[in-house]
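This report is an introduction for someone looking at the structure for the first time. The text turns first to the ligand and its surroundings, and then to a sheet and the helix beside it.

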Amino acid sequence: MSSTLLEEATRIARDFDFPAEQVQRGVAEYIKQSNEGLDKEHTTLSQIPTFVTAVPNGTEKGLYLAVDLGGTNFRVCSVQLHGDTTFNLTQSKIMIPRELMASGTSKDLFLFLARQIEAFLRIHHNEHFEAHQLRRREGHRDEYMFDLGFTFSFPVRQIGINSGTLIRWTKGFNIPDAVGHDVCALLQSAIDALELPVRVAALVNDTVGTLMARSYTSPGETGTFLGAIFGTGTNGAYVEKLENITKLKHLEGAHYDKSTGEMIINAEWGSFDNHMSVLPSTVFDHELDADSNNPGVQMFEKRVSGMFLGEILRRALLAMHNDSKLGLFKTSQTSKVSIPSDSLFYRQWGLDTSLLSQVEADSTKQMSDVKAALKDHLKIEHPSDEECKAVKILVHAIGKRAARLSAVPIAAILIHSRKIETCDMIDVGVDGSLVEFYPNFEGYMRDALREVPEVGPAGEKKVRIGISKDGSGVGAALIALVASKDK
Ligand code: ADP
């Protein structure tokens, strides 16, 4: 039995191969789809203009506010930028009451958010707050003491650095009267109703925040060129020449600073190649997509990001479990393996991607970390060594394919921008648990970068990659700063 099990695991693993020639085809297709996205609306790659037209160099100074609405919590923070690439961040996190997320009015929700900002200011910046109240009483009613960056992780149609209309709610939010309205204006009205000294200066996407945060903190003279997230989802933002963003010409009423000749583009690359012309596919990818609540979209993300890799693995292991000839994790006369019926192994989305990192990191001969991970995550006890080996083979294949796929947008953006030819060093900021914790994720990504002839080993060496934490905190503060300088 055992040799068949390992042979089958190896055969399935081969289906996850993503060889150099496919990487190259992927890059060519990405360049094509990204150019379409710069030219017109409603393309697979959205290539959203962010109206952020400068990146920081680490000398920026001042005290800024940032808030983050994107899930179950609302985060408020203040960021003191010291002007020497360092900063201090103070933050609070508040759970959003369910009734405000799904049944109230937009006024109720935004007033709740403004009240949290007020509470934060009273606790952490009371001196400023009281000084401002005094000034107001003296008649200076239009003074703002804080510029605020608003990270709002829902689909918006942005028309300026501090305005964007909500297209639709996601992630359990449902307040119909907000749809079609400018979310910055909604927040500003609530802030004004409480007479807070705060101006909503910028609407922020978290990927752009990652790029900005990295650019402020990264060493050296060169600003950061690209920010990328490999966490629950995957996305990237990069600095584009204004003249290449041809669709900006059709945007009426947009106001932005043209002096730098550049603008950050939010690629929304999770939806790269939704029509599947170059992305690799196995039967497990296909089933995962068909059983998801959004079949046919986010096809790149479904092969790359943390939300999906665990489910791909679960489906592959389950197929081997259900195959009576293989009998993976099946008790028999020779095997004492056990899985209770309530194991997450049997539940869609039940396998967390952190298991892949634990398994891949295990270098022990007894595979003790693999065994511990199977027990902790899936209540699978006493697996045989062959079964653990089969898990390792599949994990390695799925993780490596994700990392090699991640090289596709990065290589494409480097080539399209001609950065490889024109720069000695290209700085890239990354964030997300997958890139941070999956062993050698960056190494596999770099292997694939070198296999693209226009990048090659010399180009790959020019790419400096650094972890950039807190895009929605310090990144949002920096965007508020850039926006306030624009005025
Ligand atoms: P988010 O993207 O939501 O801001 P993270 O960057 O922490 O947050 O990403 C969360 C995703 O990463 C989840 O899908 C989770 O399964 C996955 N994840 C968490 N820990 C790890 C890990 N150690 N290795 C790989 N993936 C992980």
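Which atom of the ligand lies 2.6 Å from a polar side-chain atom of S433? In this predicted model, the atom facing the side chain of S433 at that distance is an oxygen atom of the ligand. Two further contacts also involve an oxygen atom of the ligand, one with the backbone of M307 and one with the side chain of D352, and the table sets out the distances.

| Residue | Part of the residue | Distance to an oxygen atom of the ligand |
|---|---|---|
| S433 | polar side-chain atom | 2.6 Å |
| D352 | N or O atom in the side chain | 3.1 Å |
| M307 | polar backbone atom | 3.3 Å |

On its own, the ligand has 570 Å² of accessible area, of which the protein covers 63%. Three elements each give two or more residues to the shell around the ligand, namely α10 (306-322), α11 (354-361) and α15 (433-437), and of these α15 gives the most, with 3 residues. The residues that surround the ligand include G231, T232, G306, T353, S354, S357, G432, L434 and F437, and when the shell is divided by character, 8 of its residues are polar, 3 are nonpolar and 1 is charged.

**The sheet and its helix**

Elsewhere in the description stands an open sheet of 5 strands, arranged in the order β4-β3-β2-β5-β8 and with mixed pairing. Because β4 (87-95) and β8 (198-204) stand at the edges and have a single partner strand each, one side of each is left without a neighbour in the sheet. On average, and with direction ignored, neighbouring strands of this sheet are turned by 20 degrees against each other.

The pairings can be followed strand by strand. Strands β2 and β3 run antiparallel and are joined by 9 bridges, with V67 having V76 in β3 as its bridge partner, and these two strands form a hairpin with 3 residues between them. By contrast, β2 and β5 run parallel and are joined by 5 bridges, where the bridge partner of L65 is L148 in β5. Strand β5 (residues 146-152) also pairs with β8 in the parallel sense, over 6 bridges, and here T151 stands opposite V204 in β8.

Helix α4 (residues 106-124) packs on this sheet and touches β2 (61-69), β3 (73-82), β4, β5 and β8, while the direction of α4 makes about 40 degrees with that of β3.

Notes
Residues are numbered from 1 along each chain as its sequence is written. This is a predicted model: local features need pLDDT of at least 70, side-chain atom pairs count only at pLDDT 80 or more; totals for chains, interfaces and linings use all residues. Side-chain values use heavy atoms; hydrogens and water are left out. A residue is near a molecule or strand if one of its heavy atoms lies within 4 Å of it. A polar contact is a pair of N or O atoms within 3.5 Å; within protein, one must be able to donate a hydrogen and the other to accept it, and residues adjacent in sequence count only if both atoms are side-chain atoms. Accessible areas come from the Shrake-Rupley method with a 1.4 Å probe; for residues, only the protein chains shown count as cover. Helices (H or I, at least four residues) and strands (E, at least two) are DSSP runs, numbered from the N terminus. Ala, Val, Leu, Ile, Met, Phe, Trp, Tyr, Cys and Pro count as nonpolar, Asp, Glu, Lys and Arg as charged, and the others, Gly among them, as polar. Two strands pair if DSSP finds at least two bridges between them. Axes are lines fitted to C-alpha atoms, for helices over the stretch in contact, and angles run from 0 to 180 degrees between N-to-C directions. Contact means heavy atoms within 4.5 Å.
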